[in-house]
Amino acid sequence: MSIVTVQLGQCGNQIGFEVFDALFNDSHCSRGLCSKRENEAYQASCKERFFSEEENGVPVARAVLVDMEPKVINQTLSKAACSGRWKYGQHSCFCQKQGSGNNWAYGYSVHGPRHEESIMNLIRKEVEKCESLSGFFIIMSMAGGTGSGLGAFVTQNLQDQYSSALKMNQIIWPYGTGEVIVQNYNSILTLSHLYRSSDALLVHENDAVHKICVKLMNIKQVSFCDINQVLAHQLGSVFQPTYSGEGLFHYRRNPLGIDWQVRPPLSGLPPLGKMSVNKETHFNTSIANLVILRGKDVQSADVGAFKDPALYTSWLEPVHAFSVWKTQRAFRKYEKSAALVSNSQSLVKPLDMIVGKAWNMFASRAYLHQYTKFGIEEEDFLDSFTLLEQVIASYCNL
């Protein structure tokens, strides 16, 4: 089952390169404790999932690169080509000469409709190279204009044209201290639109990844390259082939073992703009958890604590909420590694903070003209606030 990756904007293209590089390097490093046969199956499954037929002996990433400025795409293509290990397709890129100016509305309402046909044709050509399409992996940021606005537009089109394929968006949550003055507007518009058209959102907070670089990796001056490599490592540890902990050795798996269609029951809502997170949780209540174990001692690892009903909402049994995948095949030369993907309350506070900041700006009509002049009306903002406050209320009451 193949996955077509769509890299959007500066952030999406830089992370996308690191992800493919991590996947390729892992699939070609030492096999750890697994057998030669198992390792060969692992490599074949990785290649089928993320790379298409080779050109001159070099694997080609199943990816479409999109940005409204050429600089980052040119750099990304060059880095992949210079590696000599893998590359992007010659005709898998779309770029223009004018960016979105950190304006979600410009990316969504101007660049999206203007370039829809060209971008979707590139994606269609990648899909046609797949013998069996598992879904789309869309990498984008929330704070800027192209990644967030155009990313939401492209995801919506993918839902319309490939409704049966999984759409999974990996989104970068902006620094809390602020990167762009209107990042909270861009974020709520992005999240509300993706909530309607995406099947799953994989969220990485810049602040959390930055802390990993400083405290766990002892990096003194953290760069975006450092952050992107941590993201790529985490994503690779999730996406590389595994097999069910209870089943037979079999490496063909869907991207993630969580039922992303499960929705918390909607609760009563407070007045618009008055939502706050008052409930202090003693631990992080989850709808679902997936644990992925790789390398030495995976069969003897005790994951019983993840089956504790106290970790999950009362309306879902742990047997349906928890999955574990295992493989003795080591990841990136680590003797043993574990990854956790969780659909839980962990983003309630950051989401509530972003919605609150955006609401305060909206209440004073700050910067609204930058959006209304490109067709995003005040009602669009109100719809976004309403939807996200419903999400916050639902997750608070798990």
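**View 1. Strands E6 and E7 run side by side in this predicted model.** Here we look at strand E6, residues 133-141, and strand E7, residues 166-173. The two run parallel, and seven bridges hold the pair together on paper. For a spot to start from, find Ile139: across from Ile139, in E7, stands Gln170.

**View 2. Helix H1 lies against the sheet.** Residues 9-27 make up helix H1, which packs on the sheet. H1 touches E6 and E7 from the previous view, along with strand E1 (2-8) and strand E4 (63-67). Compare directions and you'll find that H1 makes about 140° with E1.

**View 3. Now the whole open sheet, six strands in all.** Read across, the order goes E5-E4-E1-E6-E7-E8, with parallel pairing. At the edges sit strand E5 (93-95) and strand E8 (200-205), each with pairing on one side only. On average, neighbouring strands here are turned by 15° against each other, ignoring direction.

**View 4. Helix H7 has a buried side.** H7 covers residues 206-216, and its buried residues are Asn206, Val209 and Cys213. Looking down the axis of H7, these buried residues fall within an arc of 75°, so they line one face of the helix. What covers them? Among the covering elements are E7, E8 and helix H8 (224-239).

**View 5. The other face of H7, and what follows the helix.** Turned away from the buried side, this face carries Lys215 and Leu216, both exposed. After H7 comes Asn218, with a positive phi near 55°.

Conventions:
Residues are numbered from 1 along each chain as its sequence is written. This is a predicted model: local features need pLDDT of at least 70, side-chain atom pairs count only at pLDDT 80 or more; totals for chains, interfaces and linings use all residues. Side-chain values use heavy atoms; hydrogens and water are left out. Two strands pair if DSSP finds at least two bridges between them. Helices (H or I, at least four residues) and strands (E, at least two) are DSSP runs, numbered from the N terminus. Axes are lines fitted to C-alpha atoms, for helices over the stretch in contact, and angles run from 0 to 180 degrees between N-to-C directions. Contact means heavy atoms within 4.5 Å. Buried means under 20% relative accessible area, exposed over 50%, partly exposed in between (1.4 Å probe, protein chains only). The arc is that of the directions from the helix axis to the C-beta atoms.
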